[in-house]
Amino acid sequence: MQPRNMSMSGVVDLAAVKAAGEAKAKAEQARAEAASRAGQAGEAGPSAGAVPPSALVVDVDEAGFERDVLQLSAEVPVVLDFWAEWCQPCKQLSPLLERLITEANGRLVLAKIDVDANQMLMQQFQIQGIPAVFAVVAGQVLPLFQGVVPEQQIRETFAQLVQVAEDRFGIIGIEVDPDAEGAAPAATAMEEIPAGPYDALLEAAVVALDAGDLGGAVQAYKNVLADDPGNTEAKLGLAQAELLARVQHMDPQAVRAAAAENPRDPAAQIAAADLDLVGGHVEDAFGRLVDTVRVTFGEDRDAVRLRLLELFEVIGADDPRVSSARTALARVLF
């Protein structure tokens, strides 16, 4: 099979979005703070959040796709390698992908998908031939290339992918500890610790929410994430607090009237979706924004998509309504 390149030009163009500079600054700040913590730790040992190198290459099936690919892609770009045991070109490409992913040292993760055992995923990605390589960044599917391509071309593609993930989404990857192979799971180690380092800040955020101080809650969650960008509880809390802050002074009747009169207006639909979610109409909120993505372009489309991703954070990635909406969004985008 001859290599068939799938252009990433549309992905790279995302760096021109206004939010790119801010996202990059946040990513650089997070990396600097992580490096500072590592330096202060000295001989105290590896970070509790570090993973062994073996965790950078994983086998993924249909049952684990949501967890091992979509959810993980919020922390690190996930490269998908569609392969089969009978595929000779796959046997050339897969070892090369594994080596380059390992060299990336946590900036990328490789998910290997056996097409014979995962026919549904093969159909969903519309695979015409293998090997086929895709990437998922912040839940968004990006086609990379098909067939065996030169190592230098793969390196350049991966470098682009890492840069886009950082510039556009502030995603800087995961920490890797070469000495973590065979170590006890992080959850086991955490069970021995009665309280985490951010408990006081998280509690302060909850107290602020209970008191109706949404600004204080938002700032408290941001304080946690400034030091620990991957803190799941803080991410969820921040998404919820920011949503409540956005709708706090809205006139529901006026917002819904504006949305009804302007079905292609991104700002009107985003505001109405926020109200839908706060009112418990989760599927309505998601459907509204997916439909708006379908009829908008450029920065308008990107603004709607980003708000939809934020609302996914509010509900939580494990919710089946989020999974369904992600699928619907992927169909619209790709």
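Is L108 buried or exposed? In this predicted model, L108 has a relative accessibility of 1% and therefore counts as buried, since the term applies to residues with under 20% relative accessible area. The residue is placed in the loop that runs between helix 4, which spans 88-103, and strand 4, which spans 109-114. When neighbours within four places in sequence are left aside, the contacts of L108 are with L56, V76, P77, V79, I101, F158, L161 and V162. The chain position of L108 can also be set against that of V57, which is 51 residues away along the chain, while the C-alpha atoms of the two residues are separated by 9.3 Å.

The loop between helix 4 and strand 4 also holds N105, a residue whose backbone deserves separate mention. Phi of N105 is near 55 degrees, which is a positive value in a residue other than glycine. For the reader new to such angles, it may be added that most residues other than glycine have a negative phi. With a relative accessible area of 47%, N105 is partly exposed, because this value falls between the 20% below which a residue is buried and the 50% above which a residue is exposed. In the loop between helix 4 and strand 4, then, N105 is partly exposed, whereas L108 is buried.

A positive phi is also found at A138, where the angle is near 50 degrees and the residue is again one other than glycine. A138 is located in the loop between strand 5 and strand 6, the latter covering 140-146. The relative accessibility of A138 is 14%, so this residue counts as buried.

A further backbone feature concerns the peptide bond that leads from I130 to P131, which is cis, with omega near 0 degrees. Most peptide bonds, by comparison, are trans. P131 itself belongs to the loop between helix 5, formed by 119-124, and strand 5, formed by 132-137.

Within helix 4 attention turns to S94, a residue that counts as buried because its relative accessibility is 7%. The side chain of S94 is joined to the side chain of D81 by a polar contact of 2.7 Å. With neighbours within four places in sequence again left aside, S94 is in contact with D81, W83 and K112, so that D81 appears both in this list of contacts and as the partner of S94 in the polar contact, a pairing that involves a residue counted as buried because of its 7% relative accessibility.

Key
Residues are numbered from 1 along each chain as its sequence is written. This is a predicted model: local features need pLDDT of at least 70, side-chain atom pairs count only at pLDDT 80 or more; totals for chains, interfaces and linings use all residues. Side-chain values use heavy atoms; hydrogens and water are left out. Helices (H or I, at least four residues) and strands (E, at least two) are DSSP runs, numbered from the N terminus. Buried means under 20% relative accessible area, exposed over 50%, partly exposed in between (1.4 Å probe, protein chains only). Contact means heavy atoms within 4.5 Å. A polar contact is a pair of N or O atoms within 3.5 Å; within protein, one must be able to donate a hydrogen and the other to accept it, and residues adjacent in sequence count only if both atoms are side-chain atoms.
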